[in-house]
Amino acid sequence: MAAEQGKGATVCFEKDLGELYQRRNTLASQLKRAIEVAELRVYYQPKVDAVSGQIIGAEALVRWPHPVYGFVPPDEFISIAEENELIHPLGTWVMEQAVMQTTKWQMTVNEKMRIAVNLSPQQFRDSALVERIKNLLELTGINPATIELELTESMLMTSGASTIDALTRLKALGLKLAIDDFGTGYSSLAYLSRFPVDTLKIDRSFVMHLQDSAEDQSICRAVIQLAKSLGLETVAEGVELEAQLQWLAANGCDLIQGYYYSPPLPAQEFLELIHRNADLMNTALSVSRKSG
Ligand code: C2E
Ligand code: MG
Ligand code: MG
Ligand code: MG
């Protein structure tokens with residue numbers, strides 16, 4: 001009986017693996033075209049001031065609404081793109097969309113609106129990366145200080161001279177740098193003094209159980225203190241609960257990102273959210289003026 005079950009499980013496992021393999025091949029063969037015909041979408045997830053509740057900007061997150069598979073998670077197709085050199089056209093497209101969209105929002109709703117874009121380590125192998133971003137800045141006239149690049153710790157740890165050179169040039173253009181998923185990569189902090197970092201993003205895994213884990217509270221407190229003493233900003237990722245928000249605000253975390261406020265949204269829905277948020281801020285302001 002046990003042996004039979006074992007065999008069944010193996011067959012099932014092989015079938016799953018086969019399907020996964022096939023799906024990956026299909027996606028790999030279709031991704032190039034999907035990028036070319038702009039089948040991908042950029043979604044925007046708000047970053048919110050932990051104390052005031054004001055939306056100060058967004059993170060751009062790419063989406064692939066696949067005609068057969070539905071929404072394919074970026075964790076799946078970004079790794080395909082990274083293996084196939086497609087990360088260059090994909091990354092360029094996301095950056096252009098996000099920066100052009102944000103320029104519009106800055107001109108129409110909030111001139112301080114910030115935008116964060118994720119970059120893969122592979123994108124730094126492209127010697128034209130910095131030049132392309134520079135051209136985009138000139139084309140849109142956007143304030144470079146409102147653009148933030150999200151990089152992972154492992155990328156900074158393993159980066160060579162050319163990556164350091166590119167990051168230095170991007171900083172010289174006025175862009176900001178954030179460490180994404182902070183605390184999950186290499187535990188060496190040496191790169192914090194070597195790179196001109198502006199922001200630490202506390203990984204979702206430390207936020208998830210924050211409301212009832214003394215250990216995670218200690219870790220978050222330590223990261224926030226570290227950031228403060230280095231003059232860096234902190235963002236908490238994956239905030240889903242009121243209790244997490246309260247704890248983070250009380251302990252000095254600057255910005256909040258997570259489903260508690262909003263999932264990533266298409267541009268039009270994000271714009272509606274900004275308008276609702278602005279109304280809320282105005283109401284709060286007039287109430288405090290009356291009572292003050
Ligand atoms: P990330 O940069 O760490 O992005 C945060 C991820 O957490 C996003 O997943 C977001 O949708 C999700 N998230 C946000 N709030 C919550 C929450 O409250 N609860 C939970 N459970 N999840 C939350 P997403 O959009 O699936 O992206 C996954 C990863 O794919 C990103 O992680 C990033 O590493 C990568 N990625 C996404 N877009 C791009 C892109 O344009 N370029 C590159 N190179 N990578 C990208
Ligand atoms: Mg990110
Ligand atoms: Mg992250
Ligand atoms: Mg991530």
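This passage describes the metal sites, the ligand site and selected local features of a predicted model. Local features need pLDDT of at least 70 and side-chain atom pairs count only at pLDDT 80 or more, whereas totals for chains, interfaces and linings use all residues; side-chain values use heavy atoms, with hydrogens and water left out. Residues are numbered from 1 along each chain as its sequence is written, and chains are lettered from A and ligands numbered from 1 in the order in which they are written.

The magnesium ion (ligand 2) has protein donors E59 (OE), N118 (OD1), E150 (OE) and D180 (OD), at 2.0 to 2.2 Å. Donors are N, O and S atoms within 2.8 Å of the metal (3.2 Å for Na, K and Ca); water is not among the atoms, so sites may look incomplete. Along the chain, the donors of ligand 2 follow the spacing E-x58-N-x31-E-x29-D. Distant parts of the chain are linked by the pair N118 and D180: N118 belongs to strand 4 (residues 114–118) and D180 to strand 6 (residues 176–182), 62 residues apart. Strands (E, at least two residues) and helices (H or I, at least four residues) are DSSP runs numbered from the N terminus. N118 is partly exposed at 29% relative accessibility, while D180 is buried at 8%. Here buried means under 20% relative accessible area, exposed over 50% and partly exposed in between (1.4 Å probe, protein chains only).

The magnesium ion (ligand 3) is coordinated by D180 (OD), D181 (OD) and E237 (OE), the last of these listed twice, at 2.0 to 2.6 Å. The spacing of the donors of ligand 3 along the chain is D-D-x55-E. D180 lies in strand 6 and E237 in the loop between strand 8 (233–236) and helix 10 (242–250), so this pair ties together parts that are 57 residues apart in sequence. E237 is buried, with a relative accessibility of 12%. D180 bridges ligand 3 and ligand 2, and the two magnesium ions lie 4.1 Å apart.

Ligand 1 is surrounded by 23 residues, of which R63, N118, D180, E240 and Y259 come nearest; a residue is near a molecule or strand if one of its heavy atoms lies within 4 Å of it. Two of the magnesium donors described above also approach this ligand through their side chains. An N or O atom in the side chain of N118 is 2.9 Å from an oxygen atom of ligand 1, and a polar side-chain atom of D180 is 2.8 Å from an oxygen atom of ligand 1. For Y259, a polar backbone atom lies 2.8 Å from an oxygen atom of the ligand. Taken alone, ligand 1 exposes 810 Å², and the protein buries 84% of that area. Accessible areas come from the Shrake-Rupley method with a 1.4 Å probe; for residues, only the protein chains shown count as cover.

Ligand 1 sits in the largest pocket. On a 1 Å grid over the protein atoms alone, a pocket is an open set of points with protein on both sides within 12 Å along at least five of seven lines, and a molecule sits in it if more than half of its atoms lie within 2 Å of its grid points. Strand 2 (55–66), helix 2 (74–83) and strand 6 each supply at least two residues of the shell around ligand 1. Strand 2 gives the largest share, four residues.

In helix 2, residues E76, F77, I78, I80 and A81 are buried. Helix 2 is followed by E85, which has a positive phi near 65° and is not a glycine. E85 is found in the loop between helix 2 and helix 3 (87–108) and is exposed, with a relative accessible area of 53%. A38, also a residue other than glycine, has a positive phi of about 55°. The position of A38 is in the loop between helix 1 and strand 1 (41–49), where A38 is partly exposed at 32% relative accessible area.

D198 occupies the loop between helix 7 (190–194) and strand 7 (199–202). The residue D198 is buried, with a relative accessible area of 18%. The side chains of D198 and K171 are joined by a polar contact of 2.8 Å. A polar contact is a pair of N or O atoms within 3.5 Å; within protein, one must be able to donate a hydrogen and the other to accept it, and residues adjacent in sequence count only if both atoms are side-chain atoms.

Conventions. On a 1 Å grid over the protein atoms alone, a cavity is a set of points where a 1.4 Å probe fits but cannot get out, and a pocket is an open set with protein on both sides within 12 Å along at least five of seven lines; lining residues have an atom within 4 Å of a point.
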